[in-house]
Amino acid sequence: MDAEKIFIMPAFEVDTELRSGWAVSRRPFYKPHKTTQTMALDLSKMREEYTSEGLSRKDLHPSPFMQFEKWFRQAESAGLREPNAMTLATVSAEGQPSVRTVLLKYFDERGFVFFTNYHSRKARDIAANPRVALLFPWLDLHRQVRIEGLAEKVSTVESMKYFMSRPRESQLGAWVSNQSSPITSRQLLMMKFEEMKRKFSKGQIPLPDFWGGYRVVPHTFEFWQGRENRLHDRFEYRLQTDGSWLIQRLAP
Ligand SMILES: Cc1cc2nc3c(=O)[nH]c(=O)nc-3n(C[C@H](O)[C@H](O)[C@H](O)COP(=O)(O)O)c2cc1C
């Protein structure tokens, strides 16, 4: 039988300046942790062999935006569910990374736009540190796309345009939810929804001043295609100071 296990996590300090210039807190943030639980799931035998057609340098579009569009259309026509769902990573003022899914609403050569609450955790992170990363996990195609860049708020006019295109209930939802804040019950949320429904029963629902879009302006893309024997194809596009994109193959 497994004896009681005690995992001692190291208390450590990080005092290096990260390359981005963000100083990480010197506070030790791991405390000794005692648990009686043993590992419940062993997933080490779960493996899929990727036999997809490869990605080669000659297939790549010189523009990462065009390459993204090509792959996005393929993800769409392959019938993937919500191919516009992307993981957004942000980093707090204290250097704590966090991730969540958001929906890409549109993109062009200026960047990738999603909408959210400007008081949410992600928004607070972005206000402190605009460096973000996106991930499109198109696993059924044995593909992923990684994007890194800077997030900036879109104009109020741009947010308004998108807000007006949303179903009325989603517009009300934006008013109701104080996103990322603790709430006491779902009932309270529903009561607020009904209250807002009454308040805005006539005419257009206005754009809340705490809600809108962010545009992620990329400086790096990576297109990843799974291949056999874990020898995957990876191509990175890196923005150069003259505005061109340097394309390099990366080791898998
Ligand atoms: C498929 C999917 C799509 C989502 N799309 C959005 C979105 O476009 N905007 C948004 O604010 N939250 C979206 N969410 C909810 C977020 O994942 C997250 O719970 C919320 O934004 C609060 O995140 P935060 O507390 O880190 O700010 C989505 C969740 C899922 C699962």
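1. Let's start inside helix α4. Setting aside neighbours within four places in sequence, Ala174 touches Pro208 and Trp211. Keep in mind as you look around that this is a predicted model. Ala174 belongs to α4, which covers residues 168–176. Is Ala174 buried or exposed? Ala174 counts as buried because 20 other C-beta atoms lie within 10 Å, and 20 or more is what the label asks for. Another residue to find from here is Thr116: its C-alpha atom is 8.3 Å from that of Ala174, although 58 residues separate the two along the chain.

2. Thr116 is also a good way into the ligand site. How many residues surround the ligand? There are 16, and the closest are Thr116, Ser120, Arg121, Lys122 and Ser180. Three elements each give at least two residues to this shell: β4 (97–103), β6 (111–117) and α2 (121–128). Which of them has the largest share? That would be β4, with 5 residues. Sorted by class, the shell holds 7 polar, 5 nonpolar and 4 charged residues.

3. Ser180, one of the closest residues to the ligand, deserves a second look. You'll find Ser180 in the loop between α4 and α5. Its phi is near 80°, which is positive even though the residue isn't a glycine. Ser180 has 14 C-beta neighbours inside 10 Å, so it counts as partly exposed.

4. Now for the two helices on either side of that loop. Two packed helices are described by the angle between their axes and the distance between the axes. For α4 and α5 (residues 186–199), the angle is about 120° and the axes are 9 Å apart. That angle makes the pair oblique. The crossing of α4 past α5 is right-handed. Which residues make the contact? From α4 come Leu172, Trp175 and Val176, while α5 brings Leu189, Lys192, Phe193, Met196 and Lys197. By class, this contact has 6 nonpolar and 2 charged residues, with no polar ones.

5. Asn229 is another residue whose backbone is worth checking. Asn229 has a positive phi of about 60° without being a glycine. Where does Asn229 sit? It lies in the loop between β9 (211–225) and β10 (233–239). With 8 C-beta neighbours inside 10 Å, Asn229 is classed as exposed, because the limit for that class is 12 or fewer.

6. Stay with β9 and look for Phe221, which is part of that strand. Phe221 counts as buried because it has 23 other C-beta atoms within 10 Å. Beyond its neighbours within four places in sequence, Phe221 is in contact with Pro64, Phe68, Val145, Ile147 and Tyr237. Phe65 is worth finding too: 156 residues away in sequence, yet 9.0 Å from Phe221, C-alpha to C-alpha.

7. Finally, the chain as a whole. Its secondary structure adds up to 5 helices and 11 strands. How many of its 252 residues count as buried? The figure is 21%. As for contacts between residues at least 6 apart in sequence, 61% join residues at least 24 apart.

Conventions: Residues numbered from 1 in each chain as written. Predicted model: local features only at pLDDT ≥ 70, side-chain atom pairs only at ≥ 80, totals over all residues. Near = placed C-beta within 6 Å. Helix = DSSP H or I, 4+ residues; strand = E, 2+ residues; numbered from the N terminus. Nonpolar A, V, L, I, M, F, W, Y, C, P; charged D, E, K, R; others polar. Contact = placed C-beta atoms within 7 Å. Axes fitted to C-alpha atoms, helices over the stretch in contact; angles between N-to-C directions. Parallel < 35°, antiparallel > 145°, perpendicular 65-115°, else oblique. Left-handed = near helix turned anticlockwise from the far one by under 90°.
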